[in-house]
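This report is meant for someone opening the structure for the first time. It moves from the chain as a whole to its cores, its pockets and a few single residues.

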Amino acid sequence: AVERVLTRPAGFDLDSLVVSSIDLTANGYTPQRGAALYTRVIDRLRNDASLRSFAFAKTVPPLDWSDRVSVFQPGTEPPQSVLRDREMTLGFRVQLDRVAPGYFRTLGVRIREGREFTADDRPDAPGVVVVNESMARVFWPGEDAVGQRLSWPSLDGPARPPLLVVGVVDDHRYTSLTTAPAPLIFVPEAQVYDGRATFVARTNGDDRAALRAIARAVHE
């Protein structure tokens, strides 16, 4: 049974992949300071010789810090006051991850349609979302998902406009290597900040050197 789990296709490339997690909120970082730290770490590691590719996300498989949220077809979402009290029972419940540009490329998850996130998906840019195959099939059966809109209403504060679907990625085993992929959506971390992050890197063969480089960039 163990061999079957370990040899089961994960949907992403496990070779020369390292991860390292931090929790900025627990260390007293505001969203502004946390976002600035993410930017500085990416800048420092952009040309590091130990890394082929680098990105980060709130959750990197098979860790599970993902959010469970309610999403809707635009125009069907309830008022904020109603959703706040009944979020768990309204809409379509889906897992959500917040990821940085280069995440899918680094993990080795194939973009089936459209694109992944870029540096242009800034906080002041229109809200965008990438979905996996399972989400596309469930929410837009028989249709192209790219170009569709998805409503993920905020529970408080200003209303969040519907998000534009800009990409569809292959299904991959996300929170566990033993369970089938479920509907999943991704939003740009730059647009939806979270203080918990897992750095993920594709190394040039020396995993320890890559982890030292990541730790050094964070500490600096």
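Helices and strands are here DSSP runs, with at least four residues for a helix and at least two for a strand, and they are numbered from the N terminus. On that basis the secondary structure of the protein chain comes to six helices and 10 strands. The model is a predicted one, and every value below was computed from it. The protein chain has 220 residues, of which 46% are buried. Among contacts between residues at least 6 apart in sequence, 78% join residues at least 24 apart.

## The nonpolar cores

The largest nonpolar core has 19 residues, and those with the most contacts inside it are Val-71, Val-129, Val-131, Met-135, Leu-150, Trp-152 and Ile-185. Several elements each supply at least two residues of this core, namely strand 3 (67-71), strand 4 (92-99), strand 6 (128-132), helix 5 (133-139), strand 8 (163-169) and strand 9 (184-188). A second core, separate from this one, has 18 residues, including Val-18, Ile-22, Ala-100 and Ile-214.

Which residues does Val-129 touch, not counting those up to four places away in sequence? They are Phe-117, Leu-150, Leu-163, Leu-164, Val-165, Val-166, Gly-167, Ile-185, Phe-186 and Val-187.

One of these contacts, Gly-167, lies in strand 8. Gly-167 counts as buried because its relative accessibility is 0%, where the cut-off for buried is under 20%. Leaving aside neighbours within four places in sequence, Gly-167 is in contact with Glu-113, Gly-114, Arg-115, Val-129, Val-130, Val-131 and Val-146. The C-alpha atoms of Gly-167 and Arg-112 are separated by 7.5 Å, although the two residues are 55 residues apart along the chain.

## The two largest pockets

The table sets out the space in each pocket together with the classes of the residues that line it.

| Pocket | Space | Lining by class |
|---|---|---|
| Largest pocket | About 640 Å³ | 19 nonpolar, four polar and eight charged residues |
| Second largest pocket | About 300 Å³ | 13 nonpolar, three polar and two charged residues |

In the largest pocket the lining is made of 31 residues, and Ile-42, Arg-46, Phe-56, Ala-100 and Pro-101 lie nearest its centre. Helix 2 (31-45) and strand 2 (51-57) each supply at least two residues of that lining, and helix 2 gives the most, with eight residues. Ala-100 thus appears both in the lining of the largest pocket and in the second core.

Pro-101 is placed in the loop between strand 4 and helix 4 (103-107). With a relative accessibility of 40%, Pro-101 counts as partly exposed. Not counting residues up to four places away in sequence, Pro-101 touches Phe-54, Ala-55, Glu-116, Phe-117, Thr-118 and Ala-119. Pro-101 and Ala-190 are 89 residues apart in sequence, and their C-alpha atoms are 9.2 Å apart in space.

The second largest pocket is lined by 18 residues, and the closest to its centre are Arg-160, Pro-161, Leu-163, Gln-191 and Val-192. Pro-161 lies in the loop between strand 7 (149-150) and strand 8. Pro-161 counts as exposed because its relative accessible area is 56%, the cut-off for exposed being over 50%. From the C-alpha atom of Pro-161 to that of Ser-151, 10 residues apart along the chain, the separation is 7.0 Å.

## Two arginines

Is Arg-202 buried or exposed? Arg-202, which is found in strand 10 (residues 196-203), counts as buried because its relative accessibility is 6%. The side chain of Arg-202 reaches the backbone oxygen of Leu-107 at 3.0 Å.

Arg-44 has its place in helix 2 and, at 45% relative accessibility, counts as partly exposed. The C-alpha atoms of Arg-44 and Ala-217 are separated by 6.3 Å, with their positions 173 residues apart along the chain. Apart from residues up to four places away in sequence, Arg-44 touches Ala-217 and Glu-220. The side chains of Arg-44 and Glu-220 are joined by a polar contact of 2.8 Å.

Methods: Residues numbered from 1 in each chain as written. Predicted model: local features only at pLDDT ≥ 70, side-chain atom pairs only at ≥ 80, totals over all residues. Heavy atoms only, no water. Core = buried A, V, L, I, M, F, W, Y, C linked by side-chain atoms within 4.5 Å. Buried < 20%, exposed > 50% of the residue type's maximum accessible area, 1.4 Å probe, protein only. Contact = heavy atoms within 4.5 Å. 1 Å grid on protein atoms, 1.4 Å probe; cavity = no way out; pocket = protein on both sides within 12 Å on 5 of 7 lines; lining within 4 Å. Points joined across faces, edges and corners; volume = space filled by probe spheres on them. Nonpolar A, V, L, I, M, F, W, Y, C, P; charged D, E, K, R; others polar. Polar contact = N/O pair within 3.5 Å; in protein donor to acceptor, adjacent residues only side chain to side chain.
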